[in-house]
Amino acid sequence: MNEASALLDPTIGWILLAALSVIWVGLGVYWGRKASNLEGFMLAGRNVGLALGTATAVATWITSNTTMLAPQFALQLGVWGMLAYCTASFGLFLFAPMAERIRALMPNGYTSAEFVRLRYGNFAWGIFLVISLFYGITWMISMGMAGGILMEALAGIPYVYGMTTILLVCVLYTLFGGLFAVIGTDFIQSWIILVGVCVVAIAVLSTVSIDEIYANLERNRPALLDVLFPAAIMAIFNNMLFGLGEIFHSNVWWSRAFAMREGVGRKAYGLAGLIWLPIPIVAGFLGLAAPALGINIARPDMVGPVVAGTVLGTFGAVLVFVVVFASLASSIDSLLAAMSDLVLNDFVKQMFARDASDEQLRRWGMAVIIGIGLITWLICVPRVGTLASVLFFAGPLVGSAIWPIIAGLYWQHANRHGAVAAMLLGSAGGLITYFTVGWYAASLIGTAVSMVVVVVTTRFAPQSFDWARLDAGPHATTSEEVA
Amino acid sequence: MNFSLGFFTVAVFGAIALALIAAVFLPVLFVRDARKKRLW
């Protein structure tokens, strides 16, 4: 099989892309009718139930990386690679109790940056906003580029057209429906992805037995079964800490904590972790099955789709196309909504529109969504390959935010200067490690440095904090203004 | 030292089973919330 050529006929690809675009935008318009005010648009009315809350967390955490990179990870790092990837679910498990606390401390809150501003002051807020927006925009760019590249590889749709379509579709339905549309479509997308990966894995197992796959690996690629595969073991820590940092700091997850009905957050995030956990293993298994299926892998990043196409033919290729589209859309829409909330609530509202009405703020919010979409598109158009790897720089940055967030939520005496120092020194230490040692240790060092700074400053220079200040509204004074 | 065939089999089949259960569970949860008018 020639895997360099597209798996699907371009005509089928275009029909699928058009059909999925119309369905998603239509659903966005349909659900958008519920968003009658700003709170509805930004936080889906703060009344999201368990089913939709669980599904949105699952869908958002399943990016195109989960379905496409997990098979590649398994093919290159073996069984450990498969298991390392699924440790990213720990972020969802550990965020479950935090979601409940966030909702309890800030029942009227909007963003993670708002928490940092009220808890640690304006300087910490500025640093956090830079880390958060840098991470958000690099994630958006990597998803946009992945969309274009995958549409081209799967169906021969030119990169710019595929990338533009997927960005445009996500911008349109987020614009019409805000978080209502994002969460509604996330439910459908999470279900499609779950069913899609299971169908392909079962088809693989009906073609070649698990014994044959194992025997083939043992005979031809024994390193992939090695319990002591050093690079793979290091990848576990990096993946887990990157995942923890991302979920703990990012407004994508905080906005869902604010949006869920009281008492739902803990259960929804816990269930989401349980549902997300098997996906990288099932997807990774496709990579390990490739040698036993006689597939000669020239492009490891395409191993998942090639396996699906080999065992299920055109149907498999269609399935992969739909799953990939769903994985991309579920992450891009969430990023658009969360980043626009961040920019609107923590920048526009603070700087230019303190007394703006809900209607004016909603119009600002829509402009911000279009702006973020446009910036992402402009950066994605030239298809600079190295840009996608910029996302890995963000690992130590978000790792450095883990401890300031945990301490800020749970320790009444966490030191605000310590939080600032933790984010700065953690980021610096992580980035130095990234360039001197390697990507696999960067998040670990960033998190460790940040942890030491937070723990030491809280222990030796404790500062008292009144939790009630977190629920004092968007224009409340920060801890340093009070001090 | 290699991962055993037993471990590999349990990991793969366990993950597929968990994903299948989730694929059934999510719509059931959705219907339950819809009946109780607790979707949104």
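**Second largest pocket**

In this predicted model, the second largest pocket (an open set of points on a 1 Å grid over the protein atoms alone, with protein on both sides within 12 Å along at least five of seven lines) encloses about 400 Å³. Its lining comprises 19 residues (those with an atom within 4 Å of a point); N65(A), L69(A), Y85(A), N239(A) and F242(A) lie nearest the centre. At least two lining residues come from each of helix 4 (64-86), helix 7 (122-155), helix 10 and helix 17 (390-399) of chain A, helices being DSSP runs of H or I with at least four residues.

**Cavities**

Five cavities of 30 Å³ or more are found in the whole structure, a cavity being a set of points where a 1.4 Å probe fits but cannot get out. The largest has a volume of about 140 Å³. Fifteen residues line this cavity, and T67(A), V197(A), L286(A), V320(A) and V323(A) are the closest to its centre. Helix 14 (303-351) of chain A contributes the most to this lining, with seven residues. Helix 4, helix 8 (159-207) and helix 13 (278-289) of chain A each supply at least two.

The second largest cavity has a volume of about 80 Å³. Its lining includes W139(A), H249(A), N251(A) and M339(A). Helix 7, helix 11 (251-259) and helix 14 of chain A each give two or more residues to this lining.

**Helix packing**

Helix 10 (residues 230-249) and helix 18 (residues 402-410) of chain A pack at about 50°, their axes 9 Å apart. Contact (heavy atoms within 4.5 Å) involves residues including F248(A) and H249(A) of helix 10 and I402(A) of helix 18.

**Conventions**

Residues are numbered from 1 along each chain, chains are lettered from A and ligands numbered from 1 as written. Local features require pLDDT of at least 70 and side-chain atom pairs 80 or more, while totals for chains, interfaces and linings use all residues; side-chain values use heavy atoms, without hydrogens and water.

Notes
Axes are lines fitted to C-alpha atoms, for helices over the stretch in contact, and angles run from 0 to 180 degrees between N-to-C directions. Grid points are joined across faces, edges and corners, and a volume is the space filled by probe spheres set on the points.
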